[in-house]
Amino acid sequence: MKSKQSTITRRQQFKLFLSIMAAFAILFLTLGLIIFNLFQSSTYKSIDKDIKIEMASVKKQPTMKQDDSQMGPHGPNDHFEDKKKEPSPKAPFQASILVFNNNGKLLNKSSLGNRYSILKNIKLNKKALNKKQTLLVKNMNFRSILIKVSKNNNNPMYAGHYVLIMQNIDTQIQAMTNFIKILSLTFFIFWVIALVVSYFLARINMLPIVKSWKQQTEFVNDAAHELRTPLTIIQGKLEYMLTRPNKKIIDEAESISVSLDEVSRLNNLTNNLLDLARFDQATTELHFEYTQPEFFLKDPIEPFKDIINSQSKVFQINLYHHPTLYLDRDKIKQLLIILLDNATKYTPKNGTIRIYDQIEGSKYQFIVSDTGVGISDADKQRVFHRFYRVDKSRNQRSGGHGLGLAIAKQIVENHHGRIFIQDNLPHGSEFVVELPIKKNH
Ligand code: ADP
């Protein structure tokens, strides 16, 4: 049972881990792609801008030069001179210009210098006219555009020819490759960190689930166990009666009364189980109202006076305070009955059961104290657990299932209060219920 449960838990944990991992991976990949695309497009944009400048300088018409007043009269040589000086302040260093005639013959071989050996492999591709392209020539990358220069161009070198403007982009490509490497490495490292974090997150997230699962299984097991005992007794008694069909009811009175006792135990148990289940699902409806202790302590106390006296025990009531509290009276009555019932059950003859109250700061406390068997320090917390009984055999006889105090605790917590046990010296215990006082009402 346990191993099956832990396998399911582990599988669940692994699934959770996988989904967190996948989520992080998708997140990082998307982020990486966006960053890289931005970087790439901004790099290409700046290259294309350079090419545009170069293109403008190639296409430059005499009419377009009106701004350059200090250049003097514009002759065909002006541009050459202009170019020699500095074609454009932003003209790229890595730019090469190939001039082709209509038949694809390279015309500016001489001006290419030692670059010719590389660039001679480039053929004129008229289809690519006016289109930006990335060319790979002998392992070198170029961004290029082919333009047709008009016949009126003031530079006879270009006029009427095809001009291929190329810019070497190896540096930029290298930068992009480096960027990808660094980005991938960084994201990988962060992904691993995210994995470790998500592993622990998955574990932490599973903890409450595992805990409540365990509690639930334990609860169901215990409940089934508790239900089985009275059912077995009733079954035994009924079967026994069936073997004596001619007997009168009066002859079987004992069996019937035992069965009825067990039925009432079952009734109690199912009611308690239902109460707890409702607390768990938070479906218990609480009817809060402003009230004072005399309105919720009096009713449950009354019947106990007779019960306790009839068992030769003393019942003392010392309630003196009247603060205003905000609570569900029926629930607090139920809580008080549980405490008084326990005090009566676990206190022997001639013992004393006392209920008294006090004010501690902004809290109101009512205390049910007894001179009974007492509760050890180790059990002071455990008695509030479901189905916990200090002495199982004795409690079987006294009819308890170990649910009373669990319900009591739930009730107190629903009232934002607390319940705890202290020793009643020289022997016995005191159950302290502490509730907040409502001021200014
Ligand atoms: P039960 O129905 O068995 O009384 P409870 O939840 O009310 O269940 O109490 C849990 C256990 O706490 C009891 O079985 C008993 O051992 C112990 N207990 C409760 N009240 C007292 C008390 N007044 N004195 C001594 N032991 C007590």
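Residues 16-39 form a span that is 100% helix and 0% strand, with its end C-alpha atoms 34 Å apart. The model described here is predicted. An unreviewed UniProt entry lists residues 16-39, together with residues 182-202, under "transmembrane region". In the span 182-202, helix again accounts for 100% and strand for 0%, and the end C-alpha atoms are separated by 29 Å.

For the chain as a whole, eleven helices and eleven strands are assigned. Of its 441 residues, 38% count as buried. Among contacts between residues at least 6 apart in sequence, 68% join residues at least 24 apart.

One such pairing of distant parts of the sequence involves Met206, a residue of helix H5. The C-alpha atoms of Met206 and Thr9 are 7.9 Å apart, although 197 residues separate the two in sequence. When neighbours within four places in sequence are set aside, the contacts of Met206 are with Thr9, Gln12, Gln13 and Leu16. Met206 is buried, since its relative accessibility is 5%, where the limit for a buried residue is under 20%.

The largest nonpolar core comprises 43 residues, and Leu335 and Phe366 have the most contacts inside it. Helix H8 (residues 329-345) supplies the largest share, namely seven residues. Because domain 3 (209-280) and domain 4 (289-436) both contribute residues, this core lies between the two domains. Beyond residues up to four places away in sequence, Leu335 touches Phe366, Ala408, Ile411, Val412, Ile419 and Val433. Another core, of 20 residues, lies apart from the largest one and includes Ile47, Ile97, Ile165 and Ile169. In soluble globular proteins, nonpolar side chains tend to be buried together.

Three of the partners of Leu335 named above, Ala408, Ile411 and Val412, recur among the buried residues of helix H11, which are Leu405, Ala406, Ile407, Ala408, Gln410, Ile411 and Val412. The cover over these buried H11 residues includes helix H6 (253-280), H8, S10 and S11. Just after H11, His416 adopts a positive phi of about 60°.

H11 also takes part in lining the second largest pocket. This pocket holds about 620 Å³ of space. Its lining consists of 22 residues, and those nearest its centre are Gln215, Phe384, His385, Arg386 and Lys409. Two or more lining residues come from each of helix H5 (170-242), helix H9 (379-382), helix H11 (404-414) and strand S10 (418-423). Of these elements, H5 gives the most, with six residues.

Backbone geometry departs from the usual pattern at several positions. Most residues other than glycine have a negative phi, and most peptide bonds are trans. Phe387, in the loop between H9 and helix H10 (392-398), has a positive phi near 65°. Phe387 counts as buried because its relative accessibility is 7%, which falls within the range under 20%. Asn130 likewise has a positive phi, near 65°, and is not a glycine. Asn130 is located in the loop between helix H4 (116-119) and strand S2 (132-137).

A cis peptide bond, with omega about 5°, links Leu425 to Pro426. Leu425 lies in the loop that runs between S10 and strand S11 (429-436), and Pro426 is placed in the loop between S10 and S11 as well. Leu425 is classed as exposed because its relative accessible area is 70%, the threshold for exposure being over 50%. The C-alpha atom of Leu425 is 8.1 Å from that of Thr371, a residue 54 places away along the chain.

Notes: Residues are numbered from 1 along each chain as its sequence is written. This is a predicted model: local features need pLDDT of at least 70, side-chain atom pairs count only at pLDDT 80 or more; totals for chains, interfaces and linings use all residues. Side-chain values use heavy atoms; hydrogens and water are left out. UniProt positions are given in the numbering used here, feature names are shortened, and annotations may be inferred rather than shown by experiment. Helices (H or I, at least four residues) and strands (E, at least two) are DSSP runs, numbered from the N terminus. A nonpolar core is a set of buried Ala, Val, Leu, Ile, Met, Phe, Trp, Tyr and Cys residues joined through side-chain atoms within 4.5 Å. Buried means under 20% relative accessible area, exposed over 50%, partly exposed in between (1.4 Å probe, protein chains only). Domain bounds come from an automatic or database domain assignment. Contact means heavy atoms within 4.5 Å. On a 1 Å grid over the protein atoms alone, a cavity is a set of points where a 1.4 Å probe fits but cannot get out, and a pocket is an open set with protein on both sides within 12 Å along at least five of seven lines; lining residues have an atom within 4 Å of a point. Grid points are joined across faces, edges and corners, and a volume is the space filled by probe spheres set on the points.
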